[in-house]
Amino acid sequence: MELIKLTIDNKAIEIEKGTTILKAAKQNGINIPTLCYLELKDLKIVNKPGGCRICVVEVEGRRNLAPACVTECQPGMVIHTHSVRVINTRRTVLELILSDHPFDCLICPKNGNCELQTMAQKFGVREIPFQGVQSTYRKDFSPSIIRDIDKCIMCRRCEMMCNEFQTVGALSAINRGFESVVSTAFDQLLEKSVCTYCGQCIAVCPVGALTEADHTSKVIRAIADPTKTVIVQTAPAVRAALGEEFGYAPGTLVTGKMAAALRRLEFDYIFDTDWAADLTIWEEGHELLDRLSRHLAGDKTVKLPILTSCCPAWVKFFEHQFPEMHEIPSTAKSPQQMFGAMAKSYFVEKLGITREEMVVVSIMPCVAKKYESSRPEFAVNDNPDVDFSLTTRELAALIRQSNIDFNNLPDEDFDSPMGSSTGAGVIFGTTGGVIEAACRTAYEVFTKKPLEKIDFKELRGLDGIRSATIDFDGLPINIGIAHGLGNARKLLEEVKAGKSKFHAIEIMACPGGCINGGGQPLHHGDSEVIKARWRAIYEEDANKPLRKSHENPDIIKLYEEYLGKPLGEKAHHLLHTHYFDRRTDIVIDLEK
Amino acid sequence: MAKYKYHILICGGTGCRASESDQIHKQFDIILEEKSLEEDIQVIQTGCFGFCEKGPIVKIMPDNTFYTQVKPSDCLEIIEEHIIKGRSVNRLLYEDPETKKHVEDSKHMGFYKKQLRVALRNCGFINPEDINEYLANDGYLALANVLEQKNPMAVIETLKKSGLRGRGGGGFPTGLKWEFAAKNKGDQKYVVCNADEGDPGAFMDRSILEGDPHTVIEAMVINGYAIGSTMGLVYIRAEYPLAIQRLKIALDQALEYGFLGDDILGSGFNFNIDIRYGAGAFVCGEETALIHSMEGNRGEPTFKPPFPAESGYKGQPTNVNNVETYANIPVILNKGWEWFSSIGTEKSKGTKVFALAGKVNNVGLIEVPMGTTLREIIFEIGGGIKDGKEFKAVQTGGPSGGCLTQKHLDTPIDYDNLLASGSMMGSGGMIVMDEDDCMVAIAKFYLEFTVEESCGKCSPCRIGNMRLFEILEKICAGNGTREDLDQLRNLGNVIKDASLCGLGQTSPNPVLSTIDNFWDEYVAHVDDKKCPAGVCRDLKRYEIVPEACVGCTVCARNCPVNCIEGERKQVHFIQQDLCIKCGACYDKCKFNAIIIK
């Protein structure tokens with residue numbers, strides 16, 4: 001490690017060669033403000049186009065100001081991060097950005113959570129000296145994502161996520177000059193693009209240009225409707241992040257308070273998607289074993305590896321990008337949709353009501369789940385299995401709106417029969433969790449021996465692509481894991497080329513898995529937040545008395561009472577799905 | 001040449017072709033055939049002569065007789081008089097505006113006297129579509145020598161010693177640039193010729209490619225050899241069809257003659273050149289934006305470092321030079337760095353091509369030694385201001401250059417002096433303004449261009465230039481305040497200080513330089529709500545001077561909104577609230593009875 005000497009704000013420092021001014025300053029207690037810059041170190045996500053010019057600093061001897069986020073320190077540099085010239089420039093640049101930004105902060109979905117707003121507050125901007133035109137574009141309402149690109153500040157974070165990290169390519173800068181904005185190709189509606197609704201654009205948007213479709217008022221109305229039985233399911237990753245919305249440290253598990261809050265919101269039954277995750281493992285685990293045994297028996301028609309299918313953004317991704325491989329993913333529905341299907345069959349039967357009298361609400365860390373619940377194949381007579389899917393953020397808004405003092409709620413439990421779960425269901429919330437849960441069950445079912453070590457530590461971690469070989473009592477099973485669609489693409493290209501060594505691959509669209517889903521509280525570029533949630537998920541798993549899906553007594557009962565056996569006829573009908581070729585969905589309508 | 005008695009050179013540049021120089025060529029061919037002279041007289045379409053003001057140009061060699069504004073119908077007379085009878089056609093000769101005498105030999109024309117054509121040496125001299133003509137003028141000699149000497153570093157050393165700096169605008173030493181690219185390792189290095197000439201009014205790169213494409217090819221091959229690259233790319237705007245056509249012909253010929261392709265001149269060195277088309281974005285002249293555009297990405301700049309020499313096209317070490325820079329290289333290698341560095345000023349060597357435009361008598365493409373003064377260019381080469389008006393300002397460096405004034409006229413032009421005066425060399429645009437130009441309106445005009453052409457990546461340039469433009473609009477409309485003037489200065493400096501690339505770092509120059517040099521004019525707009533040059537429509541007021549008005553009614557009859565009243569032979573008056581300030585009355589009045597206030 002080569003060290004170089006320089007001066008920042010009159011302080012002589014030594015820093016590793018190659019460090020940017022921004023990082024050098026930070027390491028020395030100087031926080032240079034940034035806007036377009038984003039780095040999630042542990043997930044290898046970096047956005048530094050050097051475009052916003054908020055982080056400019058003065059370097060003695062240099063003609064113009066230097067953007068701290070991209071300028072590397074040089075020996076002997078003398079840097080001033082708050083000279084008059086810097087402060088004036090930074091402020092003027094901020095005023096310029098604000099001059100082309102709508103002033104509707106009070107009613108903006110990002111009010112109070114907007115990086116631009118925070119910066120304006122920090123800089124003490126009290127008036128905008130520039131009056132002039134503001135760029136305006138049409139608003140785009142897709143099933144999951146709302147684009148209000150009048151608010152776009154061209155930080156390009158979403159573009160980086162969508163193109164470089166996810167390799168989806170739905171968003172990119174269009175137009176030139178003052179009209180430049182990040183949008184879809186030919187400025188089409190998102191619905192007509194290759195967008196997977198992963199929502200990572202929302203997760204990184206510093207302003208209100210990208211937000212989720214808000215369904216909270218629909219849920220409030222459904223609860224208020226006396227003719228409806230409204231039940232709610234909560235995904236595993238929600239409990240590891242919801243607390244952040246109420247001031248808890250990242251990684252604080254609020255499972256009990258969440259259940260209590262949902263009860264205060266007057267849902268009729270508080271259930272758990274983890275229950276459906278256990279059910280998913282029964283189906284998907286058996287599907288894996290079925291394909292594996294047939295493969296071992298020499299059946300050449302069997303497609304391996306099997307790919308997980310619980311992530312709707314990932315499903316839409318391969319439907320657009322790899323439609324010829326539609327036989328490879330597991331046919332098992334996602335836990336959200338399994339829950340919906342069981343609620344509107346098994347549970348309505350138990351209650352003696354019709355499916356139309358039931359409203360199923362899901363609380364998800366995800367915006368793609370909104371789209372998934374609206375897919376026509378997940379409805380019976382136009383009545384969807386899951387009526388409304390809310391994000392973690394929307395649930396927090398709902399709790400605040402309903403005057404619930406979240407922090408002082410007691411811990412409460414989920415209701416029966418769709419509220420019990422094992423630790424295996426919990427770890428669905430993070431990358432590697434689904435396949436670990438599947439391994440816990442598949443091992444015992446396949447080897448007919450009890451698992452000695454429940455934790456498959458070799459499957460855990462935050463590296464974008466991971467692999468491990470699990471010993472199924474003498475039979476080595478090769479497992480691949482990818483999170484982030486760009487990483488998924490790499491594994492899929494291998495499969496497509498016939499070079500994949502894996503028997504099973506778990507794929508999550510979001511970096512980190514559901515804990516960092518597009519519907520989670522915003523991390524604002526702090527990857528410690530994501531790591532804390534990740535640890536919380538495994539903590540919840542470790543604390544569960546039951547940790548293998550096939551030991552969930554309510555699921556065992558469900559098969560006995562209702563479904564028969566995994567992959568059986570009824571299970572097949574209710575819990576499995578099929579995939580589409582979506583290449584033809586992309587229609588360029590230049591007329592608009 | 002000896003085979004022919006006369007050569008008739010016709011300008012085949014885009015400008016003269018637009019004035020039917022093609023037809024002139026055909027006409028000459030027809031007449032020569034009729035008169036059975038085609039064996040003795042050769043007609044050649046050359047590149048641009050530069051004297052576009054007087055185009056189409058026809059030059060008769062070896063007499064060096066320079067005919068201007070030739071029409072197809074003049075061809076017969078030129079053949080019969082000049083070729084057959086040996087008498088110049090006086091009416092087609094250039095007339096010296098001072099002595100009123102016809103000038104036969106172009107060497108004696110004011111326009112050419114002070115010029116030194118190095119980059120343009122073959123333009124207007126050889127047939128660009130015939131490689132043999134290039135060869136006959138030392139073409140590919142430099143390449144042959146370089147390949148024979150087998151010392152790439154010596155080429156770079158020669159360029160470093162010559163003092164050649166990039167002619168595209170930045171003025172970075174070319175030799176150093178090559179050295180960086182040579183030192184960086186890569187699987188496939190690239191040589192890129194930047195022919196994305198975006199400055200409005202500048203056309204030196206186009207003229208070189210149209211008039212002497214082989215010089216660029218030769219220089220690129222040398223560049224490839226010097227830095228260890230086997231692949232060249234010419235990034236040229238698709239709006240240059242003639243340049244593209246001639247470049248393609250030249251590439252084919254170079255390949256056929258073994259100056260391109262595998263094992264060039266038996267040296268074992270391979271080099272190929274491909275063409276990439278630009279869609280005309282001004283910012284794609286910036287090298288990183290150009291590279292992104294070639295890669296199929298959005299044409300926008302990225303932060304340097306990494307420089308293209310480290311990580312350019314496809315992440316490989318890439319050397320990007322502009323057309324004019326390349327055009328200098330074969331000559332430097334042939335004549336030696338000592339010769340080149342003897343021309344010019346201390347830090348700017350050689351010559352520079354300028355596109356002289358605006359209110360000068362001789363509009364065109366000129367090439368002068370660095371260090372020539374603006375006065376020499378405007379008043380000697382340019383022949384002074386049109387219609388005897390007063391010189392007011394000259395804008396150099398393209399749309400983001402600054403406006404220089406009377407006090408700068410005797411400054412020797414080079415990179416550093418222009419920068420110190422608040423302008424820049426740019427790619428060599430030079431637009432002359434006279435007393436009728438409003439400097440506020442001029443600044444607004446240039447801003448309008450940069451607002452359109454900003455790539456939109458960084459906020460100061462994307463939004464700041466728009467706000468600058470809006471403030472200027474406000475001032476021109478008579479709604480400006482003193483605070484606006486302060487804001488123009490502050491904002492202009494912030495945009496320069498904080499923008500990502502050269503476009504934003506220079507775009508406020510027209511505003512800042514006009515504020516500095518024409519402060520009174522800004523104040524007149526803001527305080528007095530007057531446009532001294534009478535350009536800004538909202539600040540103009542047409543009035544009829546009662547003493548001069550004879551009541552002829554011409555003004556009233558020509559007013560499109562019927563806002564002029566008055567009986568025949570009575571003094572007329574203008575209803576100001578209805579007047580749209582179109583100026584029709586002003587133009588039509590024969591008695592100078594209408595004035596602009």
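Which residue in the hairpin of S3(B) and S4(B) takes a positive phi? I began my notebook with that one, keeping in mind that this is a predicted model.

**Entry 1: the hairpin in chain B**

I found Asn64(B), with a positive phi near 65 degrees, in a hairpin that has three residues between its strands. The strands in question are S3(B) and S4 (residues 65-67) of chain B, and I saw them pair in the antiparallel sense over three bridges. For a landmark across this pair I took Val58(B), which stands opposite Tyr67(B) in S4(B).

Next I followed S3 (residues 58-61) of chain B to another partner, strand S1 (residues 6-11) of chain B. These two run antiparallel and are joined by four bridges. Here my landmark was Ile8(B), standing opposite Ile60(B) in S3(B). A reminder to myself while looking at side chains: in a regular strand they alternate between the two faces of the sheet.

**Entry 2: domains of chain B**

I then stepped back to the whole of chain B. Its domain assignment gives domain 1 (6-111), domain 2 (131-340), domain 3 (351-434), domain 4 (439-526) and domain 5 (541-596). I picked domains 2 and 4 of chain B and noted that their C-alpha centres lie 35 Å apart. The two do touch: twelve residues of domain 2 of chain B are in contact with eight residues of domain 4 of chain B. On the domain 2 side of this contact I listed seven nonpolar, three polar and two charged residues.

**Entry 3: helix H8 of chain A**

Over to chain A, where I checked the length of helix H8 (residues 273-296). At 1.5 Å a residue, its 24 residues should span 34 Å, and the end C-alpha atoms are 33 Å apart, so the two values agree. How many residues of H8(A) are buried? I noted 19 of the 24, so I wrote the helix down as mostly covered. Just after H8(A) comes Gly298(A), which takes a positive phi of about 95 degrees.

**Entry 4: Ile79 of chain A**

My last stop was Ile79(A), in strand S7 (residues 78-80) of chain A. Is Ile79(A) buried or exposed? Ile79(A) counts as buried, because it has 28 C-beta neighbours inside 10 Å, and 20 or more are enough for that label.

I also looked at who those contacts are, leaving aside neighbours within four places in sequence. Among them are Leu6(A), Thr7(A) and Ile8(A), as well as Ile21(A) and Val57(A). I checked Leu65(A) too, 14 residues away along the chain, and its C-alpha atom is separated from that of Ile79(A) by 10 Å.

Notes. Residues numbered from 1 in each chain as written. Chains lettered and ligands numbered in written order. Predicted model: local features only at pLDDT ≥ 70, side-chain atom pairs only at ≥ 80, totals over all residues. Domains from an automatic or database assignment. Contact = placed C-beta atoms within 7 Å. Nonpolar A, V, L, I, M, F, W, Y, C, P; charged D, E, K, R; others polar. Expected span 1.5 Å × (residues − 1). Buried ≥ 20, exposed ≤ 12 C-beta atoms within 10 Å, placed from the backbone. Pairing = 2+ DSSP bridges.
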